[in-house]
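Student: I would like a close look at one single part of this structure, and then at how it connects to its surroundings. Could you walk me through it at an easy pace?

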Amino acid sequence: MKKGKIFVVGFGPGATEHITGRALTALQESEYIIGYKTYVDLIKHLVTAKSIVSTGMTEEVSRAIDAVKKAEAGGIVSVISSGDSGAYGMAGLVYEVLVEKGWTEAEGIEVEIVPGISAINSCASLLGAPVMHDSCTISLSDHLTPWTVIEKRIEAAGMADFVIALYNPKSGRRTRQIVEAQNILLKYRSPDTPVGLVKSAYRENQHIILTTLSEMLEHDIGMLTTVIIGNSSTFFYDDKIITPRGYQRKYTLGEGKQRLKPHQRLKKEAEPWALDQETGEALSGYEEIIGKTPEQAPMQQQKQEQKVQSMDMALKALSMVSKEEVQNPFLVRQSIENIFEFSVSPGVANKMITAEQMRVLAEVVGENGTLEYTPDHHFLVKVTTDSPEAIVEKLEKSHLTVMPAGEVLKVKACDFCYGEKADSIPYAEEIAAKFEGMKLPKQLHVGFNGCGMACYRPVFDDIGIVYRKKKFDLFIGAKPVGRTAHAAQPIAEGIEPEDLIPLVTKIIEEYEQNAHPNERFFKYFKRVKKVLNYDYYDMSCKIEVEPAPCGD
Ligand code: SAH
């Protein structure tokens with residue numbers, strides 16, 4: 001006798017184009033299609049099955065039994081679920097019926113579970129990227145699950161800072177559950193936490209609402225809605241809900257906060273919260289990410305719940321007495337860490353740094369920041385802060401120069417023999433004031449020397465300026481690093497002081513406007529062969545050098 005087969009097919013959110021190829025062929029291969037009426041209606045036009053059985057909402061068990069019977073009689077049967085059949089769908093039920101009968105894969109009918117796009121994914125796609133990070137789905141339906149269990153799961157997800165997708169949030173008869181869920185989550189998450197309500201994703205009556213945890217109940221939520229609740233770093237942007245991939249962001253002066261680039265994320269110091277591979281310890285001070293210290297871990301959940309409840313009462317009482325809202329210390333408020341990155345030096349010409357300046361710098365860097373001395377004679381500072389202005393003010397007050405870090409213009413000048421050759425200092429200062437920190441396709445180094453000794457090596461900079469006999473010599477296009485390093489090309493000698501800055505400005509502007517992103521100045525010069533009226537000459541060494549990867 002022909003052995004039958006059951007497909008348990010998740011057909012996705014509803015639209016034909018979101019049905020997987022395998023789901024479609026499975027449906028087309030099937031002689032019988034069994035499912036809830038609304039779902040059958042959504043896929044009916046795609047199939048030619050000889051029998052389509054649509055049943056009522058609560059008849060899941062009879063649907064599964066019916067499917068098994070038909071397959072045992074040799075039929076090819078598809079049992080359909082919306083979304084994914086393994087997520088609150090028919091897959092588990094079909095197996096339960098089979099298990100009851102002592103079915104095994106080797107002996108029994110064939111079973112194929114065909115995966116589909118579940119509501120958490122389809123609804124997330126319509127909201128932007130709210131899921132992104134660790135997430136969970138919780139069904140608020142207490143028909144088959146005790147409410148006390150559901151409550152615990154909401155509590156645990158809230159406390160552990162999961163992004164949460166609530167399935168079956170509300171129906172005609174079940175209206176309290178979503179209110180309770182909101183109450184629980186408000187203990188751990190800010191009232192402003194972004195929430196997306198997606199009704200009938202990719203179906204005819206699709207409706208999307210962006211709201212917050214505190215206001216979500218003011219909107220229509222029903223049987224066809226999925227409620228997606230962000231974690232503590234989720235944000236709104238341009239009518240979208242976005243959960244960042246990580247918990248850190250880096251920025252410098254005068255620049256919007258930017259996500260860490262992938263290579264920056266992987267560094268140990270950029271992940272102070274990570275589990276140490278040698279000691280097996282996670283650094284302390286980051287418990288607020290999940291709002292808990294290790295002693296309050298799930299093992300002692302019961303105690304924890306009591307604590308939270310009494311905390312609620314205490315906070316309410318305190319708020320009433322003090323007539324203002326008292327913050328709940330259990331609330332997860334781990335917003336994105338902002339790493340402020342900037343460059344500090346004692347000045348353009350000055351190379352001396354005082355003990356007092358060192359002290360102020362050390363104070364700014366603190367326990368968790370980093371201080372790095374760079375080849376540009378600057379200190380590169382990275383600190384976690386949300387008030388960069390206060391830091392800049394503090395450093396400037398002690399006469400330190402604060403500049404942006406990153407792909408910007410850097411000015412390096414000599415020490416002017418500690419003031420003995422001070423004539424040209426005002427020019428160096430003017431160049432620094434005008435250009436330093438300017439955002440460019442790639443870092444650009446301007447070197448300035450107060451005499452023809454050129455001891456700070458400006459001729460090894462992108463733009464080198466040398467003051468000599470009250471006039472200036474100009475060099476451009478050095479390649480200071482690598483095995484094919486070479487000096488800059490002298491392009492003009494004896495430039496009158498008043499002509500220097502306009503000329504340098506034109507060179508920088510040309511580079512700024514025409515270079516490719518990430519193209520260093522020497523590469524740009526080599527590519528275009530001409531900067532202003534100056535022709536490119538190949539200054540590299542003429543011996544063939546094998547190309548070598550970085551560091552070799
Ligand atoms: N198996 C389905 C879930 C079935 S439970 C899946 O994987 O998606 C039913 C719940 O799923 C609904 O109450 C709703 O919360 C969610 N849901 C299913 N399809 C949806 C859609 N198209 N739009 C929004 N929510 C949906």
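Tutor: Let's start with helix α5, bearing in mind that this is a predicted model. Along α5, the buried residues are Ala119, Ile120, Ser122, Cys123, Ala124 and Leu127. A general point helps in reading that list: an α-helix has 3.6 residues a turn, so residues three or four places apart point the same way. With that in mind, look at Ala119, Ile120, Cys123, Ala124 and Leu127, which are among the buried residues of the helix. The helix itself spans residues 119–127.

Now follow the chain out of the helix. Just after α5 comes Gly128, with a positive phi of about 125°. Strand β6 covers residues 128–129, and β6 pairs with strand β13 (residues 240–242) in the parallel sense over two bridges. In that pairing, Gly128 stands opposite Ile241 of β13. The sheet they belong to is open and has three strands, in the order β6-β13-β12, with mixed pairing. Because β6 and β12 (235–237) each have a single partner strand, they stand at the edges, and one side of each is left without a neighbour in the sheet.

Between β12 and β13 there is a loop, and Asp239 lies in it. Asp239 has a positive phi of about 60°, although it is not a glycine. Its relative accessibility is 68%, so Asp239 counts as exposed. Another residue with a positive phi is Ser200, at about 50°, and it is not a glycine either. Ser200 sits in the loop between β9 (194–199) and β10 (207–212). Here the relative accessibility is 7%, so Ser200 counts as buried.

Back to α5, this time for what it does around the ligand. Both α5 and β11 (225–229) supply at least two residues each to the shell around the ligand. That shell holds 20 residues, and Ala87, Ser118, Met223, Thr225 and Thr226 come nearest. Sorted by class, the shell has 11 nonpolar, seven polar and two charged residues.

What polar atoms lie by the ligand? In the side chain of Thr226, an N or O atom is 2.7 Å from a nitrogen atom of the ligand. Asn168 places a polar side-chain atom 3.1 Å from an oxygen atom of the ligand. Pro13 takes part through its backbone, where an N or O atom lies 3.3 Å from a ligand nitrogen atom. Taken alone, the ligand exposes 540 Å², and the protein buries 95% of that.

It is also worth turning to a strand elsewhere in the chain, β4 (residues 76–81). Six of the six residues of β4 are buried, so the strand is largely enclosed by the rest of the structure. In a regular strand the side chains alternate between the two faces of the sheet. You can follow this in β4 by taking the two sides in turn: Ile76, Ser78 and Ile80 are buried on one, and Val77, Val79 and Ser81 are buried on the other.

As for its partners, β4 pairs with strand β1 (residues 5–10) in the parallel sense over six bridges, and Gly10 stands opposite Ser81 of β4. Strand β2 (residues 32–36) also pairs with β4 in the parallel sense, over three bridges. There, Tyr32 has Val77 of β4 as its bridge partner.

One residue of β1 deserves a pause, namely Lys5. Its relative accessibility is 10%, and since the cut-off for buried is under 20%, Lys5 counts as buried. Beyond its neighbours within four places in sequence, Lys5 is in contact with Arg22, Ala71, Gly75, Ile76, Val77, Glu110 and Glu112. Two of these, Ile76 and Val77, are buried residues on opposite sides of β4.

Finally, step back to the whole chain. It has 14 helices and 26 strands, and of its 552 residues, 47% count as buried. Among contacts between residues at least 6 apart in sequence, 65% join residues at least 24 apart. The accessible surface of the chain comes to about 29000 Å², with 54% of it belonging to carbon and sulfur atoms.

How values were computed: Residues are numbered from 1 along each chain as its sequence is written. This is a predicted model: local features need pLDDT of at least 70, side-chain atom pairs count only at pLDDT 80 or more; totals for chains, interfaces and linings use all residues. Side-chain values use heavy atoms; hydrogens and water are left out. A residue is near a molecule or strand if one of its heavy atoms lies within 4 Å of it. A polar contact is a pair of N or O atoms within 3.5 Å; within protein, one must be able to donate a hydrogen and the other to accept it, and residues adjacent in sequence count only if both atoms are side-chain atoms. Accessible areas come from the Shrake-Rupley method with a 1.4 Å probe; for residues, only the protein chains shown count as cover. Helices (H or I, at least four residues) and strands (E, at least two) are DSSP runs, numbered from the N terminus. Ala, Val, Leu, Ile, Met, Phe, Trp, Tyr, Cys and Pro count as nonpolar, Asp, Glu, Lys and Arg as charged, and the others, Gly among them, as polar. Buried means under 20% relative accessible area, exposed over 50%, partly exposed in between (1.4 Å probe, protein chains only). Two strands pair if DSSP finds at least two bridges between them. Contact means heavy atoms within 4.5 Å.
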